[in-house]
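Dear colleague,

Please find the structure below, together with its sequence. I would be grateful if you would read the notes that follow with the model open beside them.

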Amino acid sequence: IGVTSAKNALQKTGSTMGLDTGINWLDLRSAMVYHLTYHSTIGLHINHLLFLHGYLFGVFLACACAGPPTSLVSAVAVSLPGSLLVGYSELLGGRVRPSAATSCLISRVLLCGAQPLITVLIGTLAWWVAGYPLGHVSRITLGLSGLGGALVCLIAQVIGHFIFEPITAGPNLFHGFVAAVVLEWFALVVRLGGASLVGLDGVWEEAARLHAIAVHEKGVRSEQQALISPSSPSAWTSRLSDVDTS
């Protein structure tokens with residue numbers, strides 16, 4: 001994915017939103033260009049690092065309440081979504097091609113170790129909380145609280161997009177529920193200047209170009225909508241003034 005793909009998307013859909021239909025989520029560079037295009041600001045990055053993992057805890061807590069406290073059933077329930085995230089992280093991490101051989105170990109620790117470790121720790125904490133005696137709080141109530149917390153975290157991320165980003169991507173369930181958790185860690189390495197450590201040289205610049213195209217196209221569409229909207233007499237007045245002047 002690059003500027004050419006962005007231009008093709010613009011021709012087909014009139015927007016870089018068409019990029020989300022051509023993403024190869026098993027290709028690290030393709031997934032990262034898409035992710036950074038729509039997650040360019042540090043404010044949104046911090047928002048997602050916090051609330052994505054809050055969302056994970058809520059999901060794990062709900063899963064842990066599916067069986068008796070600290071039982072094998074609850075452990076298996078927690079491991080199912082955890083295995084999906086860890087597996088995806090390991091898959092992408094295994095495709096990393098560092099530019100220097102000496103950076104290979106660093107990249108593996110950062111990508112194949114950090115994110116899966118965080119996932120395991122969050123899942124273990126949720127499993128322990130679900131098995132800890134909390135007075136008269138039933139497991140059903142605790143599980144519903146976990147789902148409620150996960151929903152609040154999802155809403156907080158959506159609000160973060162509106163606050164920190166001038167553009168938004170179309171709905172993509174795999175990115176929202178699975179890929180984003182992993183890609184935020186790759187993005188952290190890139191944002192800290194370690195793109196070469198993970199074989200992603202130039203990915204930030206590529207995403208920045210796509211972001212600029214998307215922002216420009218959004219501005220053009222807004223101007224067009226303002227011209228044809230009957231609720232925008234000022235726009236028509238401006239256009240008529242231009243005609244009179246000419």
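The notes below cover the overall make-up, the core, one helix pair and two individual residues.

This is a predicted model, in which local features need pLDDT of at least 70 and side-chain atom pairs count only at pLDDT 80 or more, while totals for chains, interfaces and linings use all residues. Residues are numbered from 1 along each chain as its sequence is written, and side-chain values use heavy atoms, with hydrogens and water left out.

The chain contains nine helices and zero strands (helices being DSSP runs of H or I of at least four residues, strands runs of E of at least two, both numbered from the N terminus). Of its 246 residues, 41% are buried (under 20% relative accessible area, with over 50% exposed and the range between partly exposed; 1.4 Å probe, protein chains only). Among contacts (heavy atoms within 4.5 Å) with a separation of 6 or more, 77% join residues 24 or more positions apart.

The largest nonpolar core (buried Ala, Val, Leu, Ile, Met, Phe, Trp, Tyr and Cys residues joined through side-chain atoms within 4.5 Å) has 46 residues, and Trp25, Met32, Tyr88 and Leu200 touch the most other members. Helices H2 to H8 each supply at least two residues of this core, and the largest share, 10 residues, comes from H7. Leaving aside residues up to four places away in sequence, Tyr88 touches Trp25, Leu26, Ala31, Phe174, Val178, Ala179 and Val182.

The axes of H3 and H6 come within 7 Å and cross at roughly 165° (lines fitted to C-alpha atoms over the stretch in contact, with angles from 0 to 180 degrees between N-to-C directions). The two helices are therefore roughly antiparallel (over 145 degrees; under 35 counts as roughly parallel, 65 to 115 as roughly perpendicular and the rest as oblique). The residues of the contact of H3 with H6 divide into 15 nonpolar, 10 polar and one charged (Ala, Val, Leu, Ile, Met, Phe, Trp, Tyr, Cys and Pro count as nonpolar, Asp, Glu, Lys and Arg as charged, and the others, Gly among them, as polar).

Asn47 is found in helix H3 and is buried, with a relative accessible area of 9%. Not counting residues up to four places away in sequence, Asn47 touches Leu52, Ala156, Gln157, Gly160 and Phe164.

His211 lies in helix H8 and counts as buried at 13% relative accessibility. With the neighbours up to four places away in sequence again not counted, His211 touches Thr37, Ser40, Glu165, Pro166 and Ile167.

With kind regards
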